[in-house]
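Here's a quick briefing to read alongside the structure. It goes through a hairpin, the sheets, the ligand site and a couple of backbone oddities.

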Amino acid sequence: MISFEGVTKRYPDGTTAVDSLDLVIEDRSFTVFVGPSGCGKTTSMRMINRMIDPTSGTITVDGRDISAVDAVKLRLGIGYVIQSAGLLPHRTVVDNVATVPVLMGRSRKDARREAMDVLERVGLDLSMATRYPAQLSGGQQQRVGVARALAADPPILLMDEPFSAVDPVVREDLQNEMLRLQADLKKTIVFVTHDIDEAIKLGDRIAVFGTGGRLQQYDTPELVLSSPATDFVASFVGRDRGYRGLSFRDADKVDLHPITTSSSEDASSVRLDAGQWVLIVTGDGRPRGWMDVTGLEALRAGQDLDRCTSAGGSLFPPSGDLRQALDAAISSPSGVGVAVDADGAVVGGIDATEVVALLAEQRQSEDRERGRRYFEKP
Ligand code: ADP
Ligand code: MG
């Protein structure tokens, strides 16, 4: 466990980088510090490995005040990854990764063998191991940076904007790799980013920092999105927070309505008025496409069935979330979202206006709950 108790950092020029920070980071959690540039994320992170000492307050790791722990010893248990990867340019990839184990007294041979294992773990092609950093792409260098931080198997990993300099596609690969690694390794990870989407994707808990180095909210991604604690958080999380927040909401209470369906064989004999739709289904009940009066007329005139129906967009899967429910409804030509079971067979229809009403209801009850906690005496 890492804890900050009343931690303030003031730089000699008078800048308050971090202001009375209280924060508890649980073991084996993935905690993300997020916020705009200059709000004290890096300073907070660097106080954990004593690259920066607080002006006041206490930081403990596993219950021990780190100001009393030898900084070099402390850092051996804390891996550190930075944006530029920070690799030594005149050492090969494998030797870069082996650096810390060698410092810790491993033989060069053992350290290299272990380094190869870690490189494989982070998804780097092992043919890169004998190259020099400059011969790798940015994304590959970041993988090496992560491997190097993990090489000595430290329980804590600090990552300061590690993926901010790589292009969006590679960044997404690296994020997924990080989630996979964490599921496997269960380190205590503190990750800094200015990108709220990255924070939401990676974090078990998110600490949102604001101007003046003040912590604004420390919560799960779900709560940060659905119930921003301050106006600052609400605006930082963005105007479309409602839409993003949808993925965290249960669609349990969405009603499924009967849908008028027809088999492909009977399609030409259905009866439809203007504005009505029928869902054509396959023999095993899977949706094939929606047909309206115009489609029906074309079908009767001899047109191929597939040209008389519109496939629509997404289907609502079993135990889907509200976002999927809304996607299904608004991407459907008939305006009715199609819910399917695990085998893909149609089980009912979803009305977009009902999804929106349900969302409003869930938000209200969350806001009430939040208000109640706010006014309750501790
Ligand atoms: P972030 O990582 O969130 O961008 P930092 O922790 O790097 O923020 O910086 C927080 C504030 O402290 C900023 O206003 C920054 O300019 C200031 N700052 C950072 N390092 C120093 C320093 N060595 N001396 C003076 N001010 C600094
Ligand atoms: Mg920073």
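Let's start with a hairpin: E1 and E2 form it, with 5 residues between them. In that turn, Gly14 has a positive phi of about 100 degrees. Keep in mind that this is a predicted model. From the hairpin we can move out to its sheet, then to the ligand, and then to the other sheet.

**The sheet that holds the hairpin**

- The hairpin belongs to an open sheet of 4 strands, in the order E2-E1-E4-E5, and the pairing is antiparallel.
- Strand E2 (16-25) and strand E5 (64-65) are the edge strands; each has a single partner strand, so one side of each is left without a neighbour in the sheet.
- H1 packs on this sheet and touches E1, E2 and strand E4 (56-61). The direction of H1 makes about 125 degrees with that of E1.
- Strand E1 (residues 2-10) is joined to E2 by 6 bridges, and the two run antiparallel.
- On its other pairing, with E4, E1 has 5 bridges, again antiparallel.
- Ile2 is a handy residue for finding your way around: its bridge partner in E2 is Ile25, and its bridge partner in E4 is Val61.
- Ser3, for its part, stands opposite Val24 in E2.
- As a general reminder, strands of a sheet pair through backbone hydrogen bonds, either parallel or antiparallel.

**Around ligand 1**

- Which residues surround ligand 1? They are Tyr11, Asp13, Thr15, Ala17, Pro36, Ser37, Gly38, Cys39, Gly40, Lys41, Thr42 and Thr43.
- By class, that shell has 4 nonpolar, 6 polar and 2 charged residues.
- Helix H1 (residues 41-48) gives the most to the shell, with 3 residues. This is the helix that packs on the sheet described above.
- Two threonines offer side-chain polar atoms to oxygen atoms of the ligand: for Thr43 the distance is 2.5 Å, and for Thr42 an N or O atom in the side chain is 2.8 Å away.
- Tyr11 goes for a nitrogen atom of ligand 1 instead, with a polar side-chain atom 3.4 Å from it.
- How much of ligand 1 does the protein bury? Taken alone the ligand exposes 560 Å², and the protein buries 61% of that.

**The six-stranded sheet**

- There is also an open sheet of 6 strands, with the order E6-E7-E8-E3-E9-E10 and mixed pairing.
- Strand E6 (78-82) and strand E10 (214-219) stand at its edges; each has a single partner strand, so one side of each is left without a neighbour in the sheet.
- Ignoring direction, neighbouring strands here are turned by 15 degrees against each other on average.
- At the E10 edge, strand E9 (residues 205-210) pairs with E10 in the antiparallel sense over 5 bridges. Within that pairing, Ala207 has Tyr218 in E10 as its bridge partner.
- Over at E6, helix H5 (residues 138-150) lies across E6 and strand E7 (156-160), running at about 165 degrees to E6.

**Backbone oddities**

- Most residues other than glycine have a negative phi. Two residues are worth a look with that in mind.
- Arg50 is a residue other than glycine with a positive phi, near 65 degrees. You'll find Arg50 in the loop between H1 and E4.
- Ser319 is not a glycine either, yet its phi is positive, about 50 degrees. Ser319 sits in the loop between helix H12 (305-308) and helix H13 (322-330).

Methods: Residues are numbered from 1 along each chain as its sequence is written. Chains are lettered from A and ligands numbered from 1 in the order in which they are written. This is a predicted model: local features need pLDDT of at least 70, side-chain atom pairs count only at pLDDT 80 or more; totals for chains, interfaces and linings use all residues. Side-chain values use heavy atoms; hydrogens and water are left out. A residue is near a molecule or strand if one of its heavy atoms lies within 4 Å of it. A polar contact is a pair of N or O atoms within 3.5 Å; within protein, one must be able to donate a hydrogen and the other to accept it, and residues adjacent in sequence count only if both atoms are side-chain atoms. Accessible areas come from the Shrake-Rupley method with a 1.4 Å probe; for residues, only the protein chains shown count as cover. Ala, Val, Leu, Ile, Met, Phe, Trp, Tyr, Cys and Pro count as nonpolar, Asp, Glu, Lys and Arg as charged, and the others, Gly among them, as polar. Two strands pair if DSSP finds at least two bridges between them. Contact means heavy atoms within 4.5 Å. Axes are lines fitted to C-alpha atoms, for helices over the stretch in contact, and angles run from 0 to 180 degrees between N-to-C directions.
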